[in-house]
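Reader: I am new to this structure and would like a close look at a single part, the nonpolar core. Could you take me through it carefully, together with the parts of the chain that it draws on?

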Amino acid sequence: MKTTHRIAVIPGDGIGKEVVPEGLRSLEAAARIFNLDLEFTHFDFASADYYLKHGTMMPGDWEEQLTGFDAIYFGAVGWPDVVPDHISLWDSLLQFRRRFDQYVNLRPVKLLPGVPSPLANRKPGDVDFYVVRENTEGEYSSVGGVMFEGTDREVVMQETVMTRVGVDRILKYAFDLASRREAKSLTSATKSNGISISMPYWDTRVATMAENYPGVSVDKFHIDILTANFVLHPDWFDVVVASNLFGDILSDLGPAVTGTIGVAPSANINPEGLFPSLFEPVHGSAPDIAGRGIANPIGQIWCGAMMLEHLGYSQAATAIQDAFESVLAEADAQVLTPDLGGHGTTGILGTAIAERITK
Ligand code: NAI
Ligand code: MG
C-alpha cells in the first residue's frame, strides 16, 4: 500500500507565487512516474496579501493548521512595500524553524552545467558538497543585554549558547550524511584560536563524535581560511558542518561561488520527523522581477527533490535532479530564463524540466 504524504504548500510573496507552481509540476510528474502519493494543501498565510487582509503574517492557530503535515513546501516571503522585512521574516519563516525544531539547515553546493559561475577552470562534477548549518542556537541567542545605555559607559553583550544536545545532534546529522556519501569526508568550521571557550568545545564534540564514524575522514579549518578555500578550492569539500553564524556565512557563500541564486535550494530539517521539515529556495521574493514570469524555477524545483529525498524517495529525487541538469546542459536559449542567459520564461523552463523526468 502506498503511504500518503501530506505536504503544506506556502507560496508566500512575489516570485514565490511564480516558482512554486513549477516546483509542483515536477513533483507531480515524479509522483506519477514513481507511483508516489503526495497530497498538497495550499495555504495563503506567511505573505504580504495575508498581512494586508488580517494585519498579521499568520493566523493565531497556524501551528494546529500545519500539524500533521509531513513537509512544508515554501516559496519566499517578503514584500517590503507592505510589511517591513524584519516582521515578514520573524513572524513567519523563523517561527516555523523554531517551533518545528528544524535544527538542520542543509544547502547543497554544486556546480551545474550551463550555470554562469565565477569559478573558472572547473567543470560540473568538480564541486559537489553540502553545508550543514546548526539552525537553532550558537551565536544566534537572545542571551545578553545592554547596560548604561546611551551613556559613555555603555556595555553591550550577547552570548553564544552551545548545548551538548544541540551540538551533538547537528554533528551526528553531518557525520551520518558524510558516511552515506562516496567521499566520506567531513570538514568542521571552527575558530578555536580566537573564540576560546565555545569553539574549543565544538572541536572536542567533533573529535568525540568522530570516534563513532571510523570510515569518515575529518578535518577542520578556521572560518577565515575556510571562506577563502570555498572560493579557491571548492573541490576539496564533501560535507561541511558549522555553527549557526559560521554556517549562515558559508551557506550563502557556497551557492554564490557556484552560480546564480535562482538555482540554489535549502532545507530546514527536523531529522527525527517529530515536526514537518521545510524546503525553500535560497532566494527571496525578488520584487524587481516579480510579475514578469522570468524567475528561474530551478531553486524551487531542486527543493522538491530535497523534499522527496527527506521523505525517503531517493530515486525520484535523483530523477528530478537529473532532469534539470540535463535541461541545463542543453543550454537552449529559448528555454533558459534570463539569469541563465536565455529568454525563456518560468513556465517554459519549468515545463521542460517536468517533461524530462524519467525513471
Ligand atoms: P532576492 O533573493 O529576492 O533577490 C536578489 C536578486 O536576485 C534580485 O535581483 C532578484 O531579481 C534575483 N533573483 C532572486 N531569485 C531569482 C530567481 N529565482 N530567478 C532570477 N533571479 C532571481 O533578495 P532581496 O531582493 O534581498 O529580497 C527581496 C525580498 O525577499 C525581501 O522582502 C526579503 O526579506 C525577502 N527574502 C526572503 C527570503 C526567504 O523567504 N527565505 C530570503 C531572502 C530574502
Ligand atoms: Mg543568510
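Author:
**The nonpolar core**

Of the 101 residues in the largest nonpolar core, the ones that touch the most other members are Ile-72, Val-132, Val-240 and Ile-320. Such a core is a set of buried Ala, Val, Leu, Ile, Met, Phe, Trp, Tyr and Cys residues joined through C-beta atoms within 7 Å, where buried requires 20 or more other C-beta atoms within 10 Å of a residue's own, with C-beta atoms placed from the backbone. At least three residues of this core come from each of domain 1 (1–110 + 259–359) and domain 2 (117–258), whose bounds come from an automatic or database domain assignment.

The model is predicted, so that local features need pLDDT of at least 70 and side-chain atom pairs count only at pLDDT 80 or more, while totals for chains, interfaces and linings use all residues. Residues are numbered from 1 along each chain as its sequence is written, and chains are lettered from A and ligands numbered from 1 in the order in which they are written.

Leaving aside its neighbours within four places in sequence, Ile-320 is in contact (C-beta atoms, placed from the backbone, within 7 Å) with Ser-26, Ala-30, Ile-301, Gly-304, Ala-305, Leu-308 and Ile-357.

As for the two domains, their centres, taken over C-alpha atoms, are separated by 25 Å, and 18 residues of domain 1 are in contact with 20 residues of domain 2. In general, nonpolar side chains tend to be buried together in soluble globular proteins.

Definitions and conventions: Buried ≥ 20, exposed ≤ 12 C-beta atoms within 10 Å, placed from the backbone. Contact = placed C-beta atoms within 7 Å.
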